[in-house]
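Good morning, and thank you for the time. I would like to take you through one structure; please have the sequence and the model in view as I speak.

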Amino acid sequence: MQFRLALVEDLPSIIKLEQTFDVGDRASKESYKRLLKSKSVWILESNKIIIGSAIVLIRTNSRIARLYSITVAENLRGQGLGKKIINEIVDKLKNLNYDKLSLEVKESNTQAWKLYESLDFEFIKSIENYYADSSAAKRYVKSLN
Ligand SMILES: CC(C)(COP(=O)(O)OP(=O)(O)OC[C@H]1O[C@@H](n2cnc3c(N)ncnc32)[C@H](O)[C@@H]1OP(=O)(O)O)[C@@H](O)C(=O)NCCC(=O)NCCS
């Protein structure tokens, strides 16, 4: 299994992977192209097949990175791959001296926030009307120090 930055040619597979669920605000194809250029898209690959992806936003003037989205292939969920992706991201961010990893998740997405809580993300607060469909978010932060 390999965890690496996504390339333009990975885009169709990544988009297909994401179509299997109802994310809060999904990145469009155009925004994905920008995200690829800024090296924000990561993939987990097994035998050349993309089985997971994540968007991690970083800024040069901030030590706080943001996990914008994470997806595991539908047929492979519940086997620890989500945990693996986040652990890989955490390692990379630590090496780059980031202090924190923050994220928002739909309050209704129990699977996702259970994953974050199992990895010691700290629940910060709920935010009403966060997503385009007016649903609420939960904000979490993980300390990387
Ligand atoms: C959220 C998601 C990435 C989790 O990936 P995953 O590979 O299934 O997660 P893991 O197998 O690593 O599970 C890690 C932890 O998450 C929690 N978890 C995962 N699936 C769960 C489920 N069905 N019910 C309850 N908790 C669950 C558990 O705490 C689990 O730890 P444990 O196995 O030690 O109990 C995956 O379900 C997914 O792709 N969902 C659709 C996309 C999405 O909603 N992304 C998040 C918002 S962008």
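The largest share of the shell around the ligand comes from α4, which supplies five residues. Please bear in mind that this is a predicted model. In total, 20 residues surround the ligand, and the closest are Arg 77, Gly 82, Lys 83, Ala 112 and Leu 115. Besides α4, both β4 and α3 supply at least two residues of this shell. By character, the shell divides into eight nonpolar, nine polar and three charged residues.

Let me turn to α3, residues 81–95. Its 15 residues should span 21 Å at 1.5 Å a residue, and the end C-alpha atoms are indeed 21 Å apart, so expectation and model agree. Which residues of this helix are buried? They are Gly 82, Ile 85, Ile 86, Ile 89 and Leu 93. Seen down the helix axis, these buried residues fall within an arc of 90 degrees and therefore line one face of α3. On the other side, Asp 91 and Asn 95 are exposed. The cover over the buried residues includes strands β1, β2, β3, β4 and β5, together with α4. Just after the helix, Asn 97 adopts a positive phi of about 65 degrees.

Finally, the core. The largest nonpolar core comprises 29 residues, and Ile 89 is among those with the most contacts inside it, as are Val 41, Trp 42 and Tyr 116. At least two residues of this core come from each of α2, β2, β3, β4, α3, β5, α4 and β7. Val 41 touches, among others, Leu 5, Ile 14, Tyr 32 and Ile 55.

Note on methods: Residues numbered from 1 in each chain as written. Predicted model: local features only at pLDDT ≥ 70, side-chain atom pairs only at ≥ 80, totals over all residues. Helix = DSSP H or I, 4+ residues; strand = E, 2+ residues; numbered from the N terminus. Expected span 1.5 Å × (residues − 1). Buried ≥ 20, exposed ≤ 12 C-beta atoms within 10 Å, placed from the backbone. Arc of directions from axis to C-beta. Contact = placed C-beta atoms within 7 Å. Core = buried A, V, L, I, M, F, W, Y, C linked by C-beta atoms within 7 Å. Near = placed C-beta within 6 Å. Nonpolar A, V, L, I, M, F, W, Y, C, P; charged D, E, K, R; others polar. Lists of a residue's contacts leave out its neighbours within four places in sequence.
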